[in-house]
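Here are a few exercises to work through with the model open beside you. Try each task before reading its solution.

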Amino acid sequence: MKIVEPWIEVEKINGIKIMKKIERACRTCYRSEGNITEDSYKKLLTNCINRGHESVLEHEKVTVRMYCDIGVYKDLTRHRFASFSIESTRYCSYDKDKYGNEIKCIRPAYIEDEKVFDEWKKAMEEMEKHYIEMKKLGATNDMCRLVLPHSTAAEVTMTANIREWKHIFELRTSNRAHPAIRQLLIPLLKYFQQEMPEIFDGIEYDKDFKKEWYAEFKISDEI
Ligand SMILES: Cc1cc2nc3c(=O)[nH]c(=O)nc-3n(C[C@H](O)[C@H](O)[C@H](O)COP(=O)(O)OP(=O)(O)OC[C@H]3O[C@@H](n4cnc5c(N)ncnc54)[C@H](O)[C@@H]3O)c2cc1C
């Protein structure tokens, strides 16, 4: 059993370009395309958001990849207006060389009590022992995956439109959300706020969440 760190990677975006495209779509409603200037998108988008005219945000999307635990993707996949491709515990045989012959578990950085952490670690090691034993006895992946815990690491590719990202951040970066999701989504929200402040600045994330718990954040030219 290997303990691994979570990460999140986002496609490099140009926030101004995204917001300008949304502005162009939105101005169809008022046939006010002629009013577009270099920074007219700022006032238009702020007004739309204040009035709840948010469907215009659906014209643009952003894709991310992440390395997270099963608990995280269980929560994220509840969001119905997002698309997911997730490492399959039915197709991946973690006893094979390709996977290092072991099960990887995401480090729960937010378990700070050493004794609690040790218990978690023992449970993960025990689980792996049984997975490998079941495999040796001829069990299929469909059978073995039954012993995989919430902590099992998985790669996820997720795409959502800007409106849905806004909604997801509102629910999943507050102190009511699971820390494993906050770890990943607070750094992502901060990037969105930097790139598209007119849309994302109003979101109140959990500012008390420890920065040392943030997942590694990467920006990629290609996802
Ligand atoms: C802190 C927290 C605790 C939670 N605890 C639990 C729990 O204990 N058990 C549990 O089962 N779930 C739980 N959830 C999941 C939660 O109930 C939602 O399923 C999840 O957050 C997805 O959000 P959403 O429904 O807003 O939808 P999305 O699928 O992201 O949809 C976005 C919006 O579209 C609209 N919409 C989508 N589908 C419909 C529809 N069919 N009808 C009308 N409007 C629609 C709604 O306005 C919705 O807010 C929890 C979520 C959070 C954030």
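**Exercise 1: The chain as a whole**

Among contacts in the chain between residues at least 6 apart in sequence, 79% join residues at least 24 apart. Keep in mind that this is a predicted model.

Task: Describe the overall make-up of the chain.

Solution: Start with the secondary structure: the chain holds eight helices and seven strands. Next, look at the extent of the C-alpha trace, which spans about 70 × 35 × 25 Å along its principal axes. Finally, turn to burial: 30% of the 223 residues count as buried.

**Exercise 2: Helix α7**

Task: Compare the span of α7 with the expected one, then find its kink and its packing partners.

Solution: First, α7 covers residues 179-195, which makes 17 residues. From first C-alpha to last it reaches 24 Å, close to the 24 Å expected at 1.5 Å a residue. Second, follow the helix to Leu-185, where there is a kink of about 30°; the proline Pro-187 comes shortly after. Third, check burial: Leu-185 is buried, and other buried residues of α7 include Ala-180, Ile-181, Arg-182, Gln-183 and Phe-192. Last, see what the buried residues pack against: the strands β2 (7-11) and β3 (61-69), and the helices α3 (70-76), α6 (162-172) and α8 (197-200).

**Exercise 3: The ligand shell**

Task: List the residues around the ligand and sort them by character.

Solution: Begin with Arg-78, His-79, Arg-80 and Phe-81. Then add Glu-164, His-167, Leu-171, Arg-176 and Ala-177 to complete the shell. Sorting these residues gives four charged, three nonpolar and two polar.

Technical notes. Residues are numbered from 1 along each chain as its sequence is written. This is a predicted model: local features need pLDDT of at least 70, side-chain atom pairs count only at pLDDT 80 or more; totals for chains, interfaces and linings use all residues. A residue is near a molecule or strand if its C-beta atom, placed from the backbone, lies within 6 Å of it. Ala, Val, Leu, Ile, Met, Phe, Trp, Tyr, Cys and Pro count as nonpolar, Asp, Glu, Lys and Arg as charged, and the others, Gly among them, as polar. Helices (H or I, at least four residues) and strands (E, at least two) are DSSP runs, numbered from the N terminus. The expected span of a helix is 1.5 Å times one less than its number of residues. The bend at a residue is the angle between axes fitted to the seven residues ending there and the seven starting there. A residue is buried if 20 or more other C-beta atoms lie within 10 Å of its own, exposed if 12 or fewer, and partly exposed in between; C-beta atoms are placed from the backbone. Two residues are in contact if their C-beta atoms, placed from the backbone, lie within 7 Å.
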